[in-house]
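The following exercises are to be worked through with the sequence and the model side by side. Each task is followed by a solution in steps.

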Amino acid sequence: MIKTDILIIGAGPTGLFAVFEAGLLKLKCHLIDALPQAGGQCSEIYPKKPIYDIPGFPEVLAGELVDNLMEQIKPFQPGFTLGERAETIKKLDDGTFVVTTNKGTEHHAPIIAIAGGLGSFEPRKPLLENIADFEDKGVAYMIKDPEVYRNKKVVIAGGGDSALDWSIFLADIASEVTLVHRRNEFRGALDSVEKVQHLKNAGKINLITPAEIVGLKGDGKLEAVMVRKTTDAVEDIILEVDNFIPLFGLSPKLGPIADWGLEIEKNAIKVDNTLDYQTNIPGIYAIGDVNTYPGKLKLILCGFHEATLMCQSAYQRLYPDKKYVLKYTTVGGINGFDGSKKEAPKAVVKAID
Amino acid sequence: MTDIKIKITDREGVTHEVDAPTDMNMNLMEVVRSYELAPEGTIGVCGGMAMCASCQCYVKSEHNLPEKSDDEDAMLAEAFYVEDNSRLGCQIRMTEDLNGLEVELAPES
């Protein structure tokens, strides 16, 4: 079982910054995120888009902001459980909590900070009536282990970066890769589009555009997909395949957290904004886009503020007898759990002759 | 500058006639959110970057809308329930010539 002081659910900018503020108070953090990488929406939806309202940064790319936060919190050695979704919570007799993920990983902490944004990102599934019958029997919405596709016939659908990048990657592993997209144009890094073009010319990727997958066939497992060209009224193509990987992006769902007994309003968790962003369950806080209170603004900079106050409250909860005096980082420096030290250089005192 | 009237049919099929300001740099997705015609978290997920299609709507009236940008076009190419009259609400700015606009929200996906 993973043990920590503050268990943060959601590794977006707010959750990451909470690690820093907790670190200043010598509290250790562990983060859970359903996505395979840290950064939340900033990494998943718009890593290359600029943000203009981070104080002190006239312009910063969302992906860079995440990189900076990861660098900033490094001295406080946060733990990560990535690619797993927080599923259940149990309150123990001593008031501490155990949170278990969908893969059964258990986390034990006295304080829970939900920084879940709009929820955990779930793959968007194409509207094919029997698709659920083939899930894990040839149909997958995410690629976890590319080796599964070695020497298999694979069809990928989608027109974004992940469809392009996985087509390129699997071209070397699978025996056959077909990429199907509704348009002739792809929206992805130019470099990836060009690579797919090369692989297509070399006969390593079979490209069918503009077209879409309209049917799945198989007995117990996927055996073929039906591809319909969207331009001319030709007959559907029946393509024999072992695997179908639809990559149509992800959409956030509040998910299991909605069943944790927390007060929910408008798909967000109600918190006490007059004090510390605590929920109706003492010891569980909600910070960033996932919470709501009168006047709430879903801004990264507001999440940073909420994370800071939450950590103070968590400290008081853990050490009710200790008096805490705020110390500026310029004065106190940064004392990492890894033994690293950062401090303001001392002024040079030198007499003038 | 004045308000315009637009008709929005929500995902339950109920039509609402609402006033939309043209002087606040608002788009259709934001109008829907300000009147809470779709639950928070189910519309405008990406905030209006044409990157999620949660604000997809069908345009029912004959208004001349601004051309789709490449971003919008590409996003619609990956969305579900797309029809010929599909647009992303976040890419439609409220202007006076859209008075009387009629739209229907696409299903959540």
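**Exercise 1. The surroundings of one loop residue**

Locate Asn27(B) among the helices and strands of chain B, and state its exposure and its contacts.

*Solution.* Asn27(B) is placed in the loop that runs between β2 (15-21) and α1 (28-34) of chain B. Helices (H or I, at least four residues) and strands (E, at least two) are DSSP runs, numbered from the N terminus. The model is a predicted one, in which local features need pLDDT of at least 70 and side-chain atom pairs count only at pLDDT 80 or more, while totals for chains, interfaces and linings use all residues. Residues are numbered from 1 along each chain as its sequence is written, and chains are lettered from A and ligands numbered from 1 in the order in which they are written.

Next, count neighbours: with 19 other C-beta atoms within 10 Å, Asn27(B) is partly exposed. The classes rest on C-beta atoms placed from the backbone: a residue is buried if 20 or more others lie within 10 Å of its own, exposed if 12 or fewer, and partly exposed in between.

Then list the contacts, two residues being in contact if their C-beta atoms, placed from the backbone, lie within 7 Å. Once neighbours within four places in sequence are left aside, Asn27(B) touches Gly48(B), Gly89(B), Cys90(B), Gln91(B), Ile92(B), Arg93(B) and Met94(B). Finally, Asn27(B) and Leu65(B), 38 residues apart in sequence, have C-alpha atoms 12 Å apart.

**Exercise 2. Chain B as a whole**

Describe the order of elements and the dimensions of chain B.

*Solution.* Chain B contains two helices and five strands, and their order along the sequence is β-β-α-β-α-β-β. The C-alpha trace spans about 35 × 30 × 25 Å along its principal axes. For 109 residues, a compact globule would have a radius of gyration near 13 Å, and the 13 Å of chain B agrees with this. That radius is taken over C-alpha atoms, and the globule rule is 2.2 Å times the number of residues to the power 0.38. Of the 109 residues in chain B, 35% are buried. Among its contacts between residues at least 6 apart in sequence, 61% link residues at least 24 apart.

**Exercise 3. Chain A and the contact between the chains**

Give the corresponding description of chain A, then characterise the contact with chain B.

*Solution.* Chain A has seven helices and 25 strands, and its C-alpha trace spans about 85 × 65 × 40 Å along the principal axes. Buried residues account for 38% of its 353 residues. The contact between the chains draws 22 residues from chain A and 13 residues from chain B. On the chain B side there are nine nonpolar, two polar and two charged residues. Here Ala, Val, Leu, Ile, Met, Phe, Trp, Tyr, Cys and Pro count as nonpolar, Asp, Glu, Lys and Arg as charged, and the others, Gly among them, as polar.

**Exercise 4. The two helix partners of α1(A)**

How do the axes of α1(A) lie with respect to α3(A) and α6(A)?

*Solution.* Take α3(A) to begin with: α1(A) packs against α3(A) at an angle of about 20 degrees, with the axes 9 Å apart. Axes are lines fitted to C-alpha atoms, for helices over the stretch in contact, and angles run from 0 to 180 degrees between N-to-C directions. The two helices are therefore roughly parallel, a term that covers angles under 35 degrees. The contact of α1(A) with α3(A) has 10 nonpolar, two polar and no charged residues.

Now take α6 (residues 300-318) of chain A, whose axis comes within 8 Å of that of α1(A) and crosses at roughly 35 degrees. This contact divides into nine nonpolar, three polar and two charged residues.

**Exercise 5. Backbone features in loops of chain A**

Where are Lys26(A), Gln77(A) and Pro210(A) placed, and what marks the backbone there?

*Solution.* Lys26(A), in the loop between α1 (13-24) and β3 (29-33), has a positive phi of about 65 degrees although it is not a glycine. Lys26(A) is exposed, with 12 other C-beta atoms within 10 Å. Gln77(A), in the loop between α3 (62-73) and β6 (79-82), also is not a glycine and has a positive phi, near 40 degrees. Gln77(A) is partly exposed, with 15 other C-beta atoms within 10 Å. Pro210(A) lies in the loop between β14 (206-208) and β15 (211-218), and a cis peptide bond with omega of about -20 degrees joins Thr209(A) to Pro210(A).

Note on methods:
Parallel < 35°, antiparallel > 145°, perpendicular 65-115°, else oblique.
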